[in-house]
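Please open the model in your viewer, show the chain as a ribbon, and keep the selection tool at hand. The tour below moves from one selection to the next and says what is to be found at each stop.

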Amino acid sequence: MKIQPLAAYNLSAQDDRETGPRLSARRSLYFLSLLIALAAGAPQASAAAIQWQHLSSAKGDLPIPGESTQQTGAVVADFDQDGVNDFVLSFRKVPPALVWYRRAGQGWNRLVIEKDFLTVEAGGAVLDIDSDGDLDLVFGGDWQSKQVWWWENPYPNFDPSVSWKRHVIKNDGASQHHDQCFGDFKSVGKPQLAFWNQQAKKIFLANIPANPRTAEAWPMAAIFSGSVGGRLPYAEGMSACDLDGDGQVDLLAGNYWFKHTGGDQFKAISVGTPGGLIFAGQLVEGGPPEVVISAGDGTGPLKWYGCKGDPQDSKSWIGHDLAGRTVIHGHSLQLADINGDGHLDIFAAEMAKWSEKKTEPDNPGATAWIFYGDGQGHFTKTELVTGQGFHEARVADLDGDGDLDILNKPYNWQTPRVDVWLNSGTGPRKEQKK
């Protein structure tokens, strides 16, 4: 594994039309592009200012997740209400199905949330489902399961020997549920749960029952049926953002955003191709948010899309290449202000291994990037690390010092394993607002 220095070059926004020979020419003029970018005042110093402290269970810095060699999902939230984020990892192949990393001192304690064997798929979502003041968990089953579940947070009565109580959201129909997201997508004053059901080729929107602790299943409706653009094994990716500025949160999934038109009806609007992991945020100051798409469990470009007209018109979304090459199984994507300069940045990373029947990496040159934004559509491209497999990585403050760190649990590369990159180490504890 080779750690790359964070000295970096700048890539101005590249139009979709700059492909093939034109893109190769741009890349061959690297030094000229660098000089132009510097002259234009593109961001650079902040990219080199962060000194990342890499911690890994492979070095004994964190507890080993468990025995499973297939690590599927990861979510970050403050489950114990101590003011510091925790994280939960999910597994299949062998139990336990869920483990919780709880911040303690300068490290983490590992506790089991679900001791039983479940075939949990990638994804995961967090919400106070039962309205008791603490955050609960949602995960879905993989291709071997027809179920989606939620786990009731027992705060403050955590017993390491007892699993959190598991409830069923979906119990029949087709299998595989890769990605979930909460949001008030119907503007009814309370959130709904959206999730992909890959083997049904549908997105379902489920309403939280009045008493979710006793409900045998949640009422739900299919709001989309079909596939997403690109050569992907299945549709994936899901997040929420008010994309057209009407004050209503919108659902993003695959390569679409969904405009609510009433009841359980939504209009699917294509942003770009291929689909995959999808997030939106204000990358360019002013106007509607921009959208970033990575191919996830496939190969394709990593692009951000800006809207030059009506957000409901697919032709208004213009793509700009970020990586300058095809991204291979880019199954990690996050938008966050990583360097704290007031502008959103983009974290993206590739898997190193996904095949089950061999031990060597499928993609030994897997790369994790941070694209530092300037709020004007320009990004300083940096490499955090090469040669390490990323899957479902998360960007969040993991140590309570107020800056943003990076969590990674590979899918099956050198597993079981979990890694954390602390932003300039762990600083003084940030006081929480009361």
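Begin by selecting Asn408 and Asp419: the bridge partner of Asn408 in β32 is Asp419. The strand names used here follow DSSP, where strands (E, at least two residues) and helices (H or I, at least four residues) are runs numbered from the N terminus. Before going further, note that this is a predicted model, in which local features need pLDDT of at least 70 and side-chain atom pairs count only at pLDDT 80 or more, while totals for chains, interfaces and linings use all residues. Residues are numbered from 1 along each chain as its sequence is written, and side-chain values use heavy atoms, with hydrogens and water left out.

**Around β31**

Extend the selection to β32, residues 419–423, and to β31, residues 405–408; the two strands run antiparallel and are joined by 3 bridges, and strands are said to pair if DSSP finds at least two bridges between them. Now add β30, which pairs with β31 in the antiparallel sense, also over 3 bridges, and look for Arg394, which stands opposite Leu407 of β31. Are the two faces of β31 covered or uncovered? Both are covered, since Asp405 and Leu407 on one side and Ile406 and Asn408 on the other are all buried, where buried means under 20% relative accessible area, exposed over 50%, and partly exposed in between (1.4 Å probe, protein chains only).

**The largest pocket**

Keep Arg394 selected and add Ala74, Gly124, Phe279 and Gln334; of the 25 residues that line the largest pocket, these five are the closest to its centre. The volume of this pocket is about 600 Å³. A pocket is found on a 1 Å grid over the protein atoms alone, as an open set of points where a 1.4 Å probe fits, with protein on both sides within 12 Å along at least five of seven lines, and lining residues have an atom within 4 Å of a point. Grid points are joined across faces, edges and corners, and a volume is the space filled by probe spheres set on the points.

To see where the lining comes from, colour the elements that give two or more residues to it, among them β4 (70–77), β12 (180–183), β20 (277–281) and β30 (394–396). Which element gives the largest share? That is β26, with 4 residues. By class, this lining has 16 nonpolar, 6 polar and 3 charged residues, with Ala, Val, Leu, Ile, Met, Phe, Trp, Tyr, Cys and Pro counted as nonpolar, Asp, Glu, Lys and Arg as charged, and the others, Gly among them, as polar.

**From β12 into its sheet**

Select β12 next, where Gln180 and Phe182 on one side and Cys181 and Gly183 on the other are all buried, so that both faces are covered. This strand pairs with β13 (residues 192–197) in the antiparallel sense over 4 bridges; within the pair, Gly183 stands opposite Gln192, and Phe182 has Leu193 as its bridge partner. The open sheet to which they belong has 4 strands in the order β12-β13-β14-β15, with antiparallel pairing. Its edge strands are β12 and β15 (220–225), each of which pairs on one side only.

**A second sheet and Gly254**

Move on to another open sheet of 4 strands, with antiparallel pairing in the order β16-β17-β18-β19. Here β16 and β19 (265–270) stand at the edges with a single partner strand each, so one side of each is left without a neighbour in the sheet. Inside the sheet, 3 bridges join β17 (residues 250–253) to β18 (residues 256–262), and Leu251 has Phe258 as its bridge partner.

Now centre the view on Gly254, in the loop between β17 and β18, which counts as buried at 0% relative accessibility. Leaving aside residues up to four places away in sequence, Gly254 touches several residues, including Trp196, Glu236, Gly275 and Ile293, a contact meaning heavy atoms within 4.5 Å.

**The second largest pocket and the whole chain**

Finally, select Arg92, Tyr234, Asp297, Trp354 and Tyr411, which lie nearest the centre of the second largest pocket, lined by 18 residues. About 240 Å³ of space lies in this pocket. Then zoom out to the whole protein chain, which has 3 helices and 32 strands, and in which 57% of the 434 residues count as buried.
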